[in-house]
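Hi,

Here's the structure I said I'd pass on. Have a look at it first, then read my notes underneath.

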Amino acid sequence: MRFLKSIPVEQTSPSQPPLGHLEATVMDLLWERGESNVHDVVQRLHRPLAYTTVMTTLDRLFKKGLLDRRKSARAFLYSPRWSRMEWEQKRAGEFVAGFLAGPQPAGELLISCLVDAVGQQDEALLDELEKKIRLKRKELYQRRKP
Amino acid sequence: MTGSYLFRLLCLSMASFFLVDLALGAVLFLLAPGAIRLSERLRPQLAARLLLLLRLAPAGLSLLMVAGLLAPSYLWLEPRAATEPIGWVCLAAAALGVAVWSLSITRALRAAGRSLRHIRHCQRTARKTWLGGEAAPVWLMEDPAPLVMLAGVLRSRLVISRKVVSALSAEQLAAVLRHERAHSRSRDNFKRLLVLLAPGVLPFFRGFSRLEQAWARVAEWAADDFAAAGDSHRSLTLAAALVRVARLGAAPPPPVLVTSLMANGIDLSARVDRLLHFVPAAAKPGRIARLLSGGAGVLMGACVIALMAQPVTLRAAHEFLEALIR
């Protein structure tokens, strides 16, 4: 699943609206901090952005169905409709379903990519383990030397 | 002895087995996470024994209750001429008892059949040879997959593919063979069969998968420790052998009653880490300690049997059966 998570947000399936950079940052912030208003989000962003820009972004995310909102003292409070995991599962599921729904070679291509990615991860793990063994062997050898 | 008398005995035995097994299974289900945590702090060999004992305890104790207490009390105290109707609760529990036993026996027989077919396939395609100073023969297979496994429930045979033999150094091969011999010594394939035979809590809910996985994991660790034999160099050699075999690619999943060196690939990292951070095992309990613990076990067993044979216990058991049949 790490392979799927690394897919850029722009490459999500057509049924799931793609997220821009600012939208993804705002979603991250809301998943981290929970329910917030526009002012809170502006304060917590790492770069200075106009209040109206953030407001428009939050409104767009609400219209895409990613956020819920409720009114509190003349301001909207926004909260994520799904947890980060639910959202990522949804995205990965729709991506895979979209790919497998295509012509036969597309499905096979996806499976072969997944197998390759898992294989590469296995290779990396085995490299790491071999490195640990080499280090331990060296340590043992040095300990035995008078 | 009439047919209805025996039918009632059968119904009551199955129903009481199911109810006792269900109650003990529910207790074990709650205790399992704690037992798994405790097992992580014990020596793997001891942990494997504890987890297996716990897994088999509900079915074993239920069988003991039925065969050693409830059935004798029925045979002793139930009048032969009595024609008591069987209540629907008893019938339902008996049906569930039959279902859990049928499912577990079917599962065990199917697994045994697969294991037998696998052994026959090995017999046809492999040739017997002696490797790495091993006293017992090893079956060498010309298979493209990296196979290292112990097949056979009662008489185990070590099967290895030439690919593995060629890839490992003599020292690594000896470590791998010692690991498999450890499984053979502790009769792990037979224990797997017992686990399959032990009924679950409900017909389609075994409920002990975490406990079974934890047992399989510590059984691997125990075999690793046996192969390392308290020596850090051997431990390192086995770790290197595991990584080397993993590099050869994935082997097809073996039948349930076959122990494979790389059966649980996910655990490879944890196993290698354990072997690298090898700490010589604490001294095993001495002969006197083992004799004492064995003696205590026998004494406890004798006490239980004596208690079960008491007329008052048998009468209480019969009252339970009377309540169950209504």
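Start with helix 3 of chain B, and keep in mind that this is a predicted model. Which residues of helix 3 are buried? They are Cys90(B), Ala93(B), Ala94(B), Gly97(B), Val100(B), Ala108(B), Ser115(B), Ile119(B) and Cys122(B). The helix itself runs over residues 88-125, so to speak, with 38 residues in it. From the first C-alpha to the last it reaches 55 Å, close to the 56 Å you'd expect at 1.5 Å a residue.

Two of those buried residues turn up again when you look at the nonpolar cores. The largest core has 61 residues, and the ones touching the most other members are Val159(B), Trp215(B), Val218(B) and Ala239(B). Helix 7 (residues 209-228) of chain B gives this core its largest share, 11 residues. Try clicking on Val159(B): leaving out residues up to four places away in sequence, it touches Cys122(B), from your helix 3 list, plus Ala126(B), Trp139(B), Met141(B), Leu147(B), Met149(B) and Ala151(B). There's also a second, separate core of 20 residues, and Ala93(B) is in that one, along with Cys11(B), Met14(B) and Ala15(B) among others.

Now zoom out to the whole of chain B. You'll find 11 helices and 5 strands, and the C-alpha trace spans about 75 × 45 × 35 Å along its principal axes. Of its 326 residues, 38% count as buried. Take the contacts between residues at least 6 apart in sequence: 78% of them join residues at least 24 apart.

Cheers

Conventions. Residues are numbered from 1 along each chain as its sequence is written. Chains are lettered from A and ligands numbered from 1 in the order in which they are written. This is a predicted model: local features need pLDDT of at least 70, side-chain atom pairs count only at pLDDT 80 or more; totals for chains, interfaces and linings use all residues. Helices (H or I, at least four residues) and strands (E, at least two) are DSSP runs, numbered from the N terminus. The expected span of a helix is 1.5 Å times one less than its number of residues. A residue is buried if 20 or more other C-beta atoms lie within 10 Å of its own, exposed if 12 or fewer, and partly exposed in between; C-beta atoms are placed from the backbone. Two residues are in contact if their C-beta atoms, placed from the backbone, lie within 7 Å. A nonpolar core is a set of buried Ala, Val, Leu, Ile, Met, Phe, Trp, Tyr and Cys residues joined through C-beta atoms within 7 Å.
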